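Visitor: Could you take me through one part of this model in detail, namely the aromatic rings and the nonpolar core? I would like a careful, connected account.

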Amino acid sequence: MPAKGFQQVRVPTRTFEIELKHRPPDDTTGDREELIKTEQIQVPDLGNREWEKRWAMMAVWNSFSDEDAKQLGINQAFIFSQEFRELIFRIELNPFQDEEAHKLDVPAQSEYDNWLVAVRKKFKKRYRVEIDDWMESGQSETC
């Protein structure tokens with residue numbers, strides 16, 4: 001059996017396309033949105049599309065607190081499926097009225113912990129490796 005440090009695990013991923021934008025707080029129509037940049041997020045295929053969407057959403061939400069995002073004024077993100085086929089979710093720090101808003105409630109710590117435990121178990125079962133080991137191996141660009 002090869003040493004753990006040399007183990008290469010092929011984990012299929014799903015791609016999410018992200019538009020990162022700035023929208024002035026006084027823009028009530030969305031007419032002054034400015035596209036700052038686009039990015040892709042690779043999420044491990046967990047066999048549960050809702051979990052994968054949640055993973056992408058949390059990664060984008062957490063990126064709002066990055067110093068780079070703050071300096072660029074990024075306060076809005078649109079998360080799409082691969083090749084921008086379908087809008088999955090819109091996240092915005094400013095209140096908006098131009099379309100129905102879905103409030104993003106921060107999950108209770110216990111709810112997040114339960115989700116994370118389930119994701120870790122599912123990943124381990126599918127790929128026979130710990131998700132943290134896979135992420136640390138440099139094979140992942142997620143979270």
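**Aromatic pairs and the core**

Guide: In this predicted model, the structure holds five aromatic pairs. One of them joins Phe 123 and Trp 134, whose ring centres lie 5.4 Å apart with the planes at 40 degrees; because planes under 30 degrees apart would count as stacked and those over 60 as edge-to-face, this pair is tilted. The pair links distant parts of the chain, since Phe 123 sits in helix H3 (residues 109-127) and Trp 134 in helix H4 (residues 131-136), eleven residues apart. Both partners fall under the 20% limit for burial: Phe 123 is buried, with a relative accessible area of 0%, and Trp 134 is buried as well, at 3%. Tyr 127 belongs to this arrangement too, as ring pairs link Phe 123, Tyr 127 and Trp 134 into a cluster.

Phe 123 also leads into the largest nonpolar core, which has 26 residues, and there Phe 123 is listed with Ile 18, Trp 55, Val 60 and Ile 79 as having the most contacts inside the core. At least two residues of this core come from each of strand S1 (13-22), strand S2 (34-44), helix H1 (49-63), strand S3 (76-81), H3 and H4, while the largest share, five residues, comes from H1. For a closer view of one core residue, take Val 60: leaving aside residues up to four places away in sequence, Val 60 touches Ile 18, Ile 41, Ala 77, Ile 79 and Ile 91.

Key
Residues numbered from 1 in each chain as written. Predicted model: local features only at pLDDT ≥ 70, side-chain atom pairs only at ≥ 80, totals over all residues. Heavy atoms only, no water. Phe/Tyr/Trp six-rings, centres within 6.5 Å; stacked < 30°, edge-to-face > 60°. Helix = DSSP H or I, 4+ residues; strand = E, 2+ residues; numbered from the N terminus. Buried < 20%, exposed > 50% of the residue type's maximum accessible area, 1.4 Å probe, protein only. Core = buried A, V, L, I, M, F, W, Y, C linked by side-chain atoms within 4.5 Å. Contact = heavy atoms within 4.5 Å.
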